Every structure is written in C-alpha cells, then in structure tokens.
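The following report walks through selected positions, a metal site and a ligand site of one protein model. Please keep the sequence and the structure in view while reading.

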Amino acid sequence: MPLDSARGDFYRQLYRQMLLVRRFEEKAGEAYALGKIGGFCHLYIGQEAVAIGALAALTETDYVFTSYREHAHALARGVSSRAVMAELYGKDTGCSRGRGGSMHLFDASKGFLGGHGIVGGHIPLAAGAAFAAKSRGTQQVAVCFFGEAAVNIGSWHETLNMAALWKLPAIFLCENNRYGMGTALERSAAVYDIAERACAYDMAAETVNGMDVLAVHDAMARAVERARNEQLPTLLEVRTYRYMGHSMADPIHGHYRTKDELEEQKALDPIGRLAGQLTAAGLADSASLDGVEAHVMAEIDDALRFADESPDPEPGELLTNVYAD
Ligand SMILES: Cc1ncc(C[n+]2csc(CCOP(=O)(O)OP(=O)(O)O)c2C)c(N)n1
Ligand SMILES: [Mg+2]
C-alpha cells in the first residue's frame, strides 16, 4: 500500500510507538535477567504492529482489555513508560501500585482495563463494557485482545454469541502468533481458521496481516466505525509472530520451532517494514530515524531510573484496594 504523504506525522507516530515498545521490552528483558523484575514477564517483540496499529484507531474514552502480553497495549493507551516499568519492578509508583506486575497492568483513567492472566477470562468482561456503553448510549467501543489459544475457551464462544445477538459495540481482536506456550497451532486440536468461525455468530470478520501496522490500523478503523456507528461487533484475526519465547522461562526458539522459521519471520519485521516505506516515500531518512531512536532510548533510560529509584509498596497497605477511589 503506498503511503499518503499528507499523513506523514501519523505514520511517524506509529513508527515511534512501535520502536518505543520494542526498546522498552528489550530493556525489560535485561532487567528481568538482572533480577530487577520478578514473577512472570511475557514479551511482545515481533507483535508491535498489532497493538500500535489497532489502538491508534480508538479514541481516549474507549475501553481496552488484554491478556497478559500487554506492555505494548498499556503504552499505546498512554500509560507512561515510567508507570509501566515501575509496575514491572513491583514498585509503588507503578500503574497498579506494584500489586499487579507485568500481567496486570491497569489504568482506568486511560480506559485500559487490564492485563488478565487467565486465558480467555477477560473476553466476557469486554462484552460487559460494550453492553454498558450501549445501554448508556455513550458511543464508546470496547476492544478485547486475546491470543489464538483463547479460542478454545468456552467463554469465547458464549461471548461472541451474545455480542452478536445483542449487537454490542465490541471488537474481538485475536492476536494469532501461531503458538500457545509451546503448542503450535497446527498441532493443536482446534481448527484455527478463526475469522471463519465468526460466521457461526453472524458477525463481521476479517483476517489481517499483523506484520503491517497500516493494514492493522485500517482493518481496526473499519471495525471501530461498525461498532460506534452501527452498534455491531467485529472479529479481527490478526496474523502475527512473536520472536521471543512464551515467557522469560522459555528459550528463544525452544523445542517447538526452528531457528529458520524465526529468521524467516524476522525478515518481515513490522518496524523495519514501516521504516522502509517511510524512507521510500521521502517521509523519513536515516538521520531522522536515528533521532527517533535516540528519543525513545532517552525515554526508556528515564523509565528504568525512575523504576529503580521508586519505593516498594508499604507492607501495611497489602490489602488496600488501590482502585477503590
Ligand atoms: C484458563 C487458563 N488455562 C491455562 C493457562 C496457562 N497458559 C498461560 S498462557 C497460555 C497460552 C496462551 O496462548 P495464546 O492465547 O495463544 O497467547 P500468547 O501467549 O501466544 O500470546 C496458557 C495455556 C492460563 N493462564 N489460563
Ligand atoms: Mg498465541
């Protein structure tokens, strides 16, 4: 797809956000190895175009629900690098006040309603938010991101069925990265033509190239329009790939995929792809891209310092509901 030169600022913003997420996560991986981050930590490296492209199509008052692989989604929603990094470090200045960690990022003020560790557990919650928006007539849209393994969960089927019957302003975005932990989809019991499944629920559906941030954005914009203006749900199956293991406990290419497969996918890198498009269209050059890199690194260095220097939560506040007010 040729770039529209009138939209240079928008494309450059997408580029900056994807690079921020990539560098943020590389540093988070290093901090994990140094023992600064505890618990689970699932990196998103390779999938950046999905969260960044999709969330650029929303407005500030929409609702976003995600699984546990959600650092990018929180950052794209406007939660600061400081607040996300501090949450990974378990610090009181984190967006969940250090109680949630990597899998439970949350910031209601940004419409970012988690960060959920139970596969598929958040899908009905997103339908609930869409139902509330529809009942109140607010024109808000609720978006739910989940991995392809969640399609095996009963509540996925129940939720899609109800969303179609009740005509909810909801978008179900499946990030199909081919693997659910170490289980390759082609070896799984499920049939994974996910978009096709939506036909069973009388819902619009699209399959999208998740390595192309602009394709993701455009498909999402169509879904948002359908939700906001027609009060109808959509299923998007976005085909993507994670370069890292399932979590920090999983080696990079593990026993379930080959190094060659990984290298093949890295050649399709979404950040490199947009950099190439921007350069070819004369909307960026190597000096301006280096400038973005320097800017992003300064932001992340600041976030790391902030997280390091922040206080731990007070033990006496262990049972305090940090979202109560
Ligand atoms: C209900 C439930 N069953 C099992 C698990 C353990 N588990 C954590 S992640 C995961 C795989 C999820 O894969 P997918 O949905 O494709 O997301 P991805 O990790 O690829 O982003 C499983 C089985 C869980 N968290 N919740
Ligand atoms: Mg997966």
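In this predicted model, Pro-233 sits in the loop that runs between helix α8 (213-230) and strand β8 (234-239). With a relative accessible area of 5%, Pro-233 is buried, because its value falls under 20%. Leaving aside neighbours within four places in sequence, Pro-233 is in contact with Ala-163, Ala-164, Lys-167, Leu-168, Ala-170, Phe-172, Met-203, Ala-204 and Arg-226. A further spatial reference is given by Val-64, which is 169 residues away from Pro-233 in sequence, while the two C-alpha atoms are 14 Å apart in space.

Two of the residues named above lead on to other positions. Lys-167, one of the contacts of Pro-233, is placed in the loop between α6 (154-165) and β4, and with a relative accessible area of 43% Lys-167 is partly exposed. Most residues other than glycine have a negative phi. Lys-167, however, has a phi near 50 degrees, a positive value in a residue other than glycine. Arg-97 likewise has a positive phi, near 55 degrees; Arg-97 lies in the loop between α4 (81-88) and β2 (112-115) and is partly exposed, with a relative accessible area of 28%.

Phe-172, which is among the contacts of Pro-233, is also in contact with Thr-159, whose other contacts beyond four places in sequence are Ile-123, Pro-124 and Ala-127. Thr-159 belongs to helix α6, and its relative accessible area of 3% makes Thr-159 buried.

The metal site comes next. Which protein atoms serve as donors of the magnesium ion (ligand 2)? They are two OE atoms of Glu-148, OD1 of Asn-177 and the O atom of Tyr-179, lying 2.1 to 2.6 Å from the ion. Along the chain, these donors follow the spacing E-x28-N-x1-Y. Why is the arrangement around the magnesium ion (ligand 2) irregular? The 6 donor atoms subtend angles of 52 to 173 degrees, whereas six donors count as octahedral only if opposite donors are over 155 degrees apart and all others are between 65 and 115, so the arrangement is irregular. Both Asn-177 and Tyr-179 are buried.

Asn-177 and Tyr-179 also belong to the surroundings of ligand 1, for which 14 residues are counted, the closest being Tyr-68, Arg-69, Gly-117, Asn-177 and Tyr-179. Three polar contacts between the protein and ligand 1 are set out below.

| Protein side | Atom of ligand 1 | Distance |
|---|---|---|
| Gly-117, backbone N or O | nitrogen | 3.0 Å |
| Val-119, polar backbone atom | nitrogen | 3.1 Å |
| Asn-177, side-chain N or O | oxygen | 2.9 Å |

Taken alone, ligand 1 exposes 580 Å², of which the protein buries 71%.

Asn-176 is part of strand β4 (residues 170-176). At 4% relative accessibility, Asn-176 counts as buried, and its side chain reaches the backbone nitrogen of Arg-178 at a distance of 3.1 Å.

Ser-102 is found in the loop between α4 and β2. Is Ser-102 buried or exposed? At 2% relative accessibility, Ser-102 counts as buried. Not counting residues up to four places away in sequence, Ser-102 touches Phe-40, Cys-41, His-42, Tyr-68, Glu-70, His-71 and Leu-88. Within that set, His-71 is joined to Ser-102 by a polar contact between the two side chains, at 2.8 Å, and Tyr-68 is also one of the residues closest to ligand 1. Ser-102 and Gly-78, which are 24 residues apart along the chain, have C-alpha atoms separated by 16 Å.

The last position considered is Leu-14, in helix α1 (residues 8-33). Its relative accessible area of 1% makes Leu-14 buried, and, with residues up to four places away in sequence not counted, Leu-14 touches Ile-52, Ala-56, Val-213, Leu-214 and Leu-274. Leu-14 and Gly-115 are 101 residues apart in sequence, and their C-alpha atoms are 22 Å apart in space.

Conventions:
Residues numbered from 1 in each chain as written. Chains lettered and ligands numbered in written order. Predicted model: local features only at pLDDT ≥ 70, side-chain atom pairs only at ≥ 80, totals over all residues. Heavy atoms only, no water. Helix = DSSP H or I, 4+ residues; strand = E, 2+ residues; numbered from the N terminus. Buried < 20%, exposed > 50% of the residue type's maximum accessible area, 1.4 Å probe, protein only. Contact = heavy atoms within 4.5 Å. Donors = N, O, S within 2.8 Å, 3.2 Å for Na, K, Ca; no water. Tetrahedral: all angles 85-135°; square planar, octahedral: opposite > 155°, others 65-115°. Near = heavy atom within 4 Å. Polar contact = N/O pair within 3.5 Å; in protein donor to acceptor, adjacent residues only side chain to side chain. Areas by Shrake-Rupley, 256 points an atom, 1.4 Å probe, with all protein chains shown as cover.
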